[in-house]
Amino acid sequence: MKITNVSRRQFIGQAFAAGAFVVAARLTPGSAQGIQKPATANAWQPSVYLGIEPDGTVAIVAHRSEMGTGARTCLPMIVADELEADWHRVRVVQAIGDSKYGSQNTDGSCSVRDFYDAMRTAGATARAMLEQAAASKWNVPAEECQGQQHFVVHSKTGRKLGYGELVATAATLKTPAANTLRYKTPKEFRYIGKDVAMVDRKDLVTGKGVFGIDAQMPGMVYATVARPPVLGSAMKSYDDAAAKKVKGVQQVVVLEHAQPPMGFKALGGVAVVASNTWAALQGREQLKVEWTESPNSAYESSAYKKTLLETAQKPGRVVREVGNVDAEFSKGGKTLEASYYTPMLAHAPMEPPAAVAEFKDGKAVIWAATQNPQAVQDTVAQALKINKNEVICNVTLLGGGFGRKSKPDYVAEAALLSKQVGKPVKIVWSREDDLQFDYYHSPAGLYMKAAVDDIGLPTAWLQRSAFPPIAMLFNPAEEYGGFQLSMGWTDIPYPIANLRVENGAAKSHTRIGWMRSVANIYHAFAVQSFTDELAAAAGRDRVEYLMELIGKPRVIDFNKEGMKQPSRENPKFAFDTARLKNVIDIAAQKSGWANKKPAAGRALGIAAHRSFLTYVAVVVDVEVNKGEIKIPRVDIAIDTGRVINPERVKAQFEGAAVFGTSIALMGEMTAKDGRIQQSNFDGYPVARINQAPYATHVHIVESDAAPAGVGEPGVPPIAPAICNAVFAATGKRLRDLPIKKQLV
């Protein structure tokens, strides 16, 4: 891959050919015209995002990263649809990091849901200007001109002009006001709702795709870092004599250890710089490093699990309260209670973190597999003590991310080393590096208690959680859940007269970060497992019980109940229980729930959960035999609002079924003496082909509702559905994850 350094001005020049009609920021929602104000802090406000070149080529800037979700395809599809562009004449250009694009953090399943309206406005504006340009050439009213597949057609005469022929004229026109735009109706959609192949597919299947690990710069050297093995420790002394004898090793460089708050800072340590990655790794093996003690040196996973579960048993901070739970419990009726636990998890993307950086003349140029190029700018600028505008971050393809690559500590390492050695430096983390220095998914202890009536429905419901929060990255003193509590915990949709949700304090001993589905994983596990336990205790059919527990169809606005939900949870995304019940009904029907009765060692399990504004119900068919679990079939029903690209949606839910199965069966990271014990896939396996679901059927609800998240919502219901199926098949209730070691 040939790489040249580019400035922002050069980037625009390379993105669009000379003479291109470039649609600028003032056309977008939240623009200087003030026609529409940004709905959220994440509103898209680029300065340049769409260009039409004189030859008619439409260049669309993809401001989000591609890590398998299809973001680089789906967002341009929306623009092309409203523009009435011929998809075969669209060229997608990957954006560099720049705040003018709004948020570029490809995280939180929000690429489409946050930018659907903005992308439509982009396309509709450009089409309107092209129609106006044609009208002026023909001296006819603009209303008689319509964009159609890369041409503007005059409806009365049939005359037509290609988009390329209109570029020069369109570029001279005033930008139309947003409230004058005509948007296509759903029946007119040409691409939205259709299967469209990923724009990167050919490169991916032919090996031409450029990932972070492929990036190169002229004259670059390679580095690997021996990092502090315990969070909070630092290098005390080192001996690099043997390392320097390794062929190819050029330098050994000390990186200053990070001070709290850790944020996305490089951890520090001792770096070996070499002429190739293998030499750097071999040199690191020969280093002798002594580390200081840390307040986290006594961290041990099994003891910490006990601490979390004990915390969850005790009264915590109340984060939602309805009625009077204590009074109902004091009546002395039938009650049930249970504790659940989910362990620390790692992201484990197939491509470990990788980046190349060059610091020269006070500026940094980066090539990185990153989900968040703007965070790269911030982090690198802070590390190098330069202005963020002096950091150019180019984005490669990502070999998986799952949230890990939104945290650019590895990019900061490359930049800091480049500053020290005076050359471009490439950092490639090994698998061991990735697993042992991750931003881990929180372990969690959860406690559930319910008082039930004569038919087993709860009259009082208490739930408590304890987990180290992500906020500790930015405030080491933070011990409470914060925004993670709104992820399937405070927003449970059961209309129980007496309900209380609590959260206990938990200290962190490792870096904690967001991972695919974030806190929804442990919250869904506890709520959906306990729901199944109540149904079993009542002797009720699980689906029937779940439907009755959710209650009559209604729309719940949790903000009106006094809870502060994240800004994304605006009223148009209020919790619609009818949509949740609908996906439960579909999953049950498609799986044949009513007709399949448990057999020896085989049964169905169900779980339903809303996350990232998408409603999901999962039925898992599980077969248990001598401690081994097989999953012959999974049925996933989803209502995610308007679907842009069904093929991409199905792929992400199929992937979620495998990801969720890995977590449920085997996912567990542990620590002893403050050090992570796993170092590769032998200790932290992911589901292989014989362990993954044999067949996953994704059933998409057709909907005109606003698009919701897709990449993450499929994960949370998988683990409880598997555990509920295991109980139905064997009578063994599994309340801890991972489950496989409990069946041996």
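## A guided tour of the predicted model

Select phenylalanine 151 first: this residue stands opposite glycine 162 in S7. The model on display is predicted. To see the surroundings of this pair, select strand S6, residues 151-154, together with S7; the two strands pair in the antiparallel sense over three bridges.

Next, add strand S5 to the selection. An open sheet of three strands then appears, in the order S5-S6-S7 and with antiparallel pairing. Strand S5 (145-148) and strand S7 (160-162) are the edge strands, each pairing on one side only. Direction ignored, neighbouring strands of this sheet are turned by 25° against each other on average. Now display helix H4, residues 163-170, which packs on the sheet and touches S5, S6 and S7. The direction of H4 makes about 80° with that of S7.

**Two cysteines**

Is cysteine 145 buried or exposed? Its relative accessibility is 3%, and cysteine 145 therefore counts as buried, the cut-off for that class being under 20%. Cysteine 723 may be selected next; this residue is also buried, with a relative accessible area of 1%. A search for disulfides gives a count of zero, where a pair of cysteine sulfur atoms within 2.5 Å would be required.

**The seven-stranded sheet**

Move to strand S10 and colour the strands of its sheet. Seven strands form this open sheet, in the order S10-S11-S8-S18-S15-S16-S17, and the pairing is mixed. At the edges lie strand S10 (249-255) and strand S17 (391-395), each of which pairs on one side only. From one strand to the next, the twist averages 25°.

Zoom in on S10 and strand S11 (residues 269-274): the two run antiparallel and are joined by six bridges. Within this pair, valine 249 stands opposite alanine 274 in S11. Then show helix H7, residues 277-286, which packs on the sheet and touches strand S8 (221-226), S10 and S11. The direction of H7 makes about 25° with that of S8.

Helix H11 (residues 409-421) also packs on the sheet. The strands touched by H11 are S8, S10, S11, strand S15 (354-360), strand S16 (363-368) and strand S18 (425-428). Its direction makes about 35° with that of S15.

**Strand S19 and its partners**

Select strand S19, residues 444-452. How many of its nine residues are buried? Eight are, and the strand is mostly covered. Add strand S14 (residues 335-342), which pairs with S19 in the antiparallel sense over eight bridges; here tyrosine 341 stands opposite glycine 445 in S19.

Strand S20 (residues 458-466) also runs antiparallel to S19, and eight bridges join the two. Label lysine 449 to find its bridge partner in S20, leucine 462. S19 and S20 form a hairpin with five residues between the strands, and in this hairpin glycine 456 takes a positive phi near 90°.

**A helix pair**

Finally, select helix H14 (residues 542-550) and helix H15 (residues 577-591). Their axes come within 10 Å and cross at roughly 175°. Angles over 145 degrees count as roughly antiparallel, and H14 and H15 are therefore roughly antiparallel to each other. To view the contact, show the side chains of Val543, Leu546, Met547 and Ile550 of H14. On H15, the contact is made by Thr577, Leu580, Lys581, Ile584, Asp585 and Ala588. Coloured by class, the contact of H14 with H15 has seven nonpolar, one polar and two charged residues.

Note on methods:
Residues are numbered from 1 along each chain as its sequence is written. This is a predicted model: local features need pLDDT of at least 70, side-chain atom pairs count only at pLDDT 80 or more; totals for chains, interfaces and linings use all residues. Side-chain values use heavy atoms; hydrogens and water are left out. Two strands pair if DSSP finds at least two bridges between them. Helices (H or I, at least four residues) and strands (E, at least two) are DSSP runs, numbered from the N terminus. Axes are lines fitted to C-alpha atoms, for helices over the stretch in contact, and angles run from 0 to 180 degrees between N-to-C directions. Contact means heavy atoms within 4.5 Å. Buried means under 20% relative accessible area, exposed over 50%, partly exposed in between (1.4 Å probe, protein chains only). Angles under 35 degrees count as roughly parallel, over 145 as roughly antiparallel, 65 to 115 as roughly perpendicular and the rest as oblique. Ala, Val, Leu, Ile, Met, Phe, Trp, Tyr, Cys and Pro count as nonpolar, Asp, Glu, Lys and Arg as charged, and the others, Gly among them, as polar.
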